[in-house]
Each structure stands twice: as structure tokens, then as C-alpha cells.
Amino acid sequence: MDDINEATGRRWRDLDPMLPAPGDLPEGCSVPLMTTGGNGRPAGVAVCRHEYIPADALEQVWGPATRLVLTPRLREPDAYPALDQLLGQWRDHLAGLPEADNEDAAAMIVWPSRDISGVNALLKHGMQAITVIAVRPAGRAMGVSDQDTPADVVIREAGPDDLDAVTELEMGVIRFDAHFGAAILRPATEALVRDATRKALARRQAWVWVAERRGRLVGLVHVLPPDESAWIAGMTGPGTTAYLQSMFAAPDERGGGLGAALVKRAHDELDARGISTTLLHYAQLNPLSAPFWSRMGYRPLWTGFQSRPAVALR
């Protein structure tokens with residue numbers, strides 16, 4: 001197993017210098033899936049693990065409640081043959097699980113975005129790209145200056161008095177991403193968002209910035225500091241990592257530079273605070289996201305594929 005992990009690490013280093021070294025495979029729900037190459041050595045190994053997100057967790061907004069997650073390690077530069085076989089074995093495994101036949105359950109895999117050799121295998125087995133984890137190293141230029149901030153707009157730290165408006169802006173992110181399968185509105189969503197927002201706004205220094213025009217909040221950018229970003233920091237290399245949780249501009253404010261001005265303010269603060277890497281998610285199918293975040297200095301690092309329900313995996 002160590003041998004194939006080392007081979008995976010070499011593949012990843014060749015593909016993308018921003019990828020981390022692969023960690024040990026997590027504990028799976030059963031024995032690992034395995035495929036061998038022509039020389040009889042393991043060409044691919046994968047484990048399936050189950051995640052059950054409780055209804056009182058905000059994370060349930062960002063995907064199905066039951067997540068059947070495949071974590072593969074592949075030896076060869078051409079990932080297709082081994083991944084194709086592993087996905088077929090995983091399909092057969094999921095077919096025997098009662099929890100897989102549920103609209104609120106998905107088969108999921110997070111795949112290095114630059115590993116193009118595996119994409120056709122994922123598509124063949126009915127998986128669809130839903131989300132992207134994008135990365136920005138510190139100091140990467142955006143091509144936006146302070147003079148580009150729209151007229152009559154003030155960008156400032158948010159505080160506890162902004163709770164109602166910031167909660168509504170955070171809900172705007174979720175409602176928009178729900179159109180693309182990247183978010184799921186649930187009965188508890190707004191209360192959970194409000195509670196998380198209250199805690200974020202009580203923190204000092206603040207990591208939430210808002211755009212205000214003539215007394216109305218028209219946009220926000222919300223960053224999780226490194227001590228709250230450990231859950232995703234392992235998706236990239238060493239260094240201090242923050243997570244840009246959300247950015248939203250009111251619909252009637254889009255296209256005038258408001259979003260870019262908000263992100264520039266966040267980047268200026270993050271660079272000044274010594275953050276070496278920033279990660280974020282965006283919806284793959286959102287036609288606005290990829291062009292915008294590319295202009296902001298981000299690029300795809302991982303792509304999240306899903307089959308929902310899980311038994312739809314072919």
C-alpha cells in the first residue's frame with residue numbers, strides 16, 4: 001500500500017504543484033477495492049467510506065445527507081483503465097447498500113482537476129462534475145485596483161449589528177447555488193446560517209467584509225480563518241490556509257465591479273495577515289463562477305463528481 005501511495009504522490013507532483021502529498025487511505029466500510037496491472041502489481045486501490053451529515057449541521061446544506069465517498073490511489077499516469085475497473089467494483093458494492101437507494105444519498109469522488117486522464121472513466125460511470133475547489137497562492141495579482149470600487153460604495157468589516165442583512169446575503173449564496181446542484185435548501189437552513197453568522201460577526205478581528213451603498217448592504221465576502229479551515233487545508237500543500245466561504249453581490253449590483261472590489265479587500269487583508277493559500281468552492285455549472293474566480297486569481301485544484309442517488313452509478 002505504501003508503494004502505490006508513493007506512486008500516487010509522484011503522479012500528483014507531476015500534475016499540479018499545488019496538490020498535497022497523498023495521505024494514508026482512510027478506514028473504509030469494507031475491504032479495499034483493488035485492480036492489478038499487466039505485471040500483477042496493484043494498479044489501483046480505493047476505499048469507500050460513509051458520511052452521514054446530521055440535520056442540525058450546516059454542512060447538510062452543501063450536499064446530500066448521506067455521502068458514499070470513494071478515495072482512490074492510482075499508480076499509472078493514464079488513470080483510465082484502473083479507475084474504470086475500480087468504479088465498476090464500487091458500483092457493485094453500492095448496489096448492495098440500502099442507504100444508497102435514496103434521493104438524499106450520493107456517490108461522490110473528489111478528483112484532481114488537472115488529472116484529465118480519469119475524466120472519461122468518471123463520465124462513463126454516470127458521474128457529473130458538481131463542484132470545484134479552487135486555489136489562490138498569496139500575492140497573485142487580480143488586475144483590480146482600489147479605484148475600481150463602484151461609486152457610493154463603502155467596503156468595511158461587518159459587525160454584530162449587521163446580522164440580519166449578512167444572513168440574507170449568505171442565504172443568497174445558497175439559493176443561487178441550489179440551481180446548480182451545489183446546495184440543498186432544507187427546513188433548518190436559514191436558522192443554521194443565522195447562528196453561524198452571529199458567531200462569525202462576534203469575532204474580532206473580523207473575517208467578514210460587506211459592501212454598503214447609501215445605508216444598504218449590497219454584497220459580502222466571508223473568509224474562515226486558518227484555525228477554522230483545517231477541515232480543507234489538507235487539500236493543498238503546506239502553509240497557512242484560509243477558506244473563502246462565500247461571496248455574494250445583490251443581483252441588481254452585478255456587473256459593475258462590486259464582487260471584484262470585495263474580493264480584493266479580502267485578498268489584501270489575507271496577504272497582510274500572512275495567509276499563504278486561499279481555497280474556495282464554486283458550482284461547476286454556474287456560468288458566472290469560473291470566469292469570475294479566474295479573474296480573481298483562482299484556478300481549479302479539485303473537481304467534485306457525484307452520482308445522485310448513489311445507486312445511479314453505472
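Q: A salt bridge is a side-chain nitrogen of Lys or Arg within 4 Å of a carboxyl oxygen of Asp or Glu. In this predicted model, how far apart are the closest N and O atoms of aspartate 252 and arginine 216?
A: The cut-off to beat here is 4 Å. Aspartate 252 does form a salt bridge with arginine 216, and their closest N and O atoms are separated by 3.2 Å.

Q: How many residues apart in sequence are the parts that aspartate 252 and arginine 216 tie together?
A: Start with where each partner sits. Arginine 216 belongs to strand β8, while aspartate 252 is in the loop between β9 and α7 (258-272), so the pair ties together two parts of the chain. Along the sequence, the distance between those parts is 36 residues.

Q: Is aspartate 252 buried or exposed?
A: To count as exposed, a residue needs a relative accessible area over 50%. Its partner arginine 216 has 41% and counts as partly exposed. Aspartate 252 has 55%, so the word for aspartate 252 is exposed.

Q: Which residues do salt bridges with shared partners join into one network?
A: Salt bridges can link up when they share partners, and that happens here. The network is made of Asp3, Arg41 and Arg75.

Q: Which residue forms a salt bridge with arginine 186?
A: Look for a carboxyl oxygen, since the partner has to be an Asp or Glu. The N to O distance in this bridge is 3.0 Å, and the partner is aspartate 104.

Q: How many residues apart in sequence are the parts tied together by arginine 186 and aspartate 104?
A: Both partners sit in loops: arginine 186 in the one between α4 and α5, aspartate 104 in the one between α2 and β4 (105-112). The pair therefore ties together parts whose separation in sequence is 82 residues.

Q: Is arginine 186 buried or exposed?
A: Buried means under 20% relative accessible area. Aspartate 104, across the bridge, has 24% and is partly exposed. Arginine 186 has 19%, so arginine 186 counts as buried.

Q: How many salt bridges does the structure hold?
A: We've met a few already, and here's one more: the side chains of arginine 91 and aspartate 92 meet at 3.2 Å, N to O. Counting them up over the structure, the total is 23.

Q: What volume does the largest cavity have?
A: There isn't much choice here, as the structure holds one cavity of 30 Å³ or more. The volume of the largest cavity is about 40 Å³.

Q: Which element gives the largest share of the lining of the largest cavity?
A: The lining is made of Ser30, Val31, Pro32, Leu33, Ala46, Val47, Cys48, Trp90 and His93. Two elements give two or more residues to it, α2 (80-95) and β2 (42-52). With three residues, the largest share comes from β2.

Q: How many charged residues are in the lining of the largest cavity?
A: Sort the lining by class and you get seven nonpolar residues and two polar ones. For charged residues, the count is no residues.

Q: Which element gives the most to the lining of the second largest pocket?
A: This pocket has about 170 Å³ of space, and 16 residues line it. The elements giving two or more of them are β1 (33-36), β2 and α2. Three residues come from the top contributor, α2.

Q: How far apart are the end C-alpha atoms of α2?
A: Helix α2 has 16 residues, and at 1.5 Å a residue the expected span is 22 Å. You multiply by one less than the number of residues. The model agrees, because the end C-alpha atoms have a separation of 22 Å.

Q: Which elements do the buried residues of α4 pack against?
A: The buried residues of α4 include Leu163, Val166, Leu169 and Ile174. They pack against α5 (189-202), β7 (208-213), β8 (216-224), β9 (241-249) and β10 (277-283).

Q: Which residues is proline 160 in contact with, leaving aside its neighbours within four places in sequence?
A: Proline 160 is in the loop between β6 (153-157) and α4, and at 54% relative accessibility it counts as exposed. Contact takes heavy atoms within 4.5 Å. With those neighbours left aside, its contacts are Leu201 and Arg204.

Methods
Residues numbered from 1 in each chain as written. Predicted model: local features only at pLDDT ≥ 70, side-chain atom pairs only at ≥ 80, totals over all residues. Heavy atoms only, no water. 1 Å grid on protein atoms, 1.4 Å probe; cavity = no way out; pocket = protein on both sides within 12 Å on 5 of 7 lines; lining within 4 Å. Points joined across faces, edges and corners; volume = space filled by probe spheres on them. Helix = DSSP H or I, 4+ residues; strand = E, 2+ residues; numbered from the N terminus. Nonpolar A, V, L, I, M, F, W, Y, C, P; charged D, E, K, R; others polar. Buried < 20%, exposed > 50% of the residue type's maximum accessible area, 1.4 Å probe, protein only.
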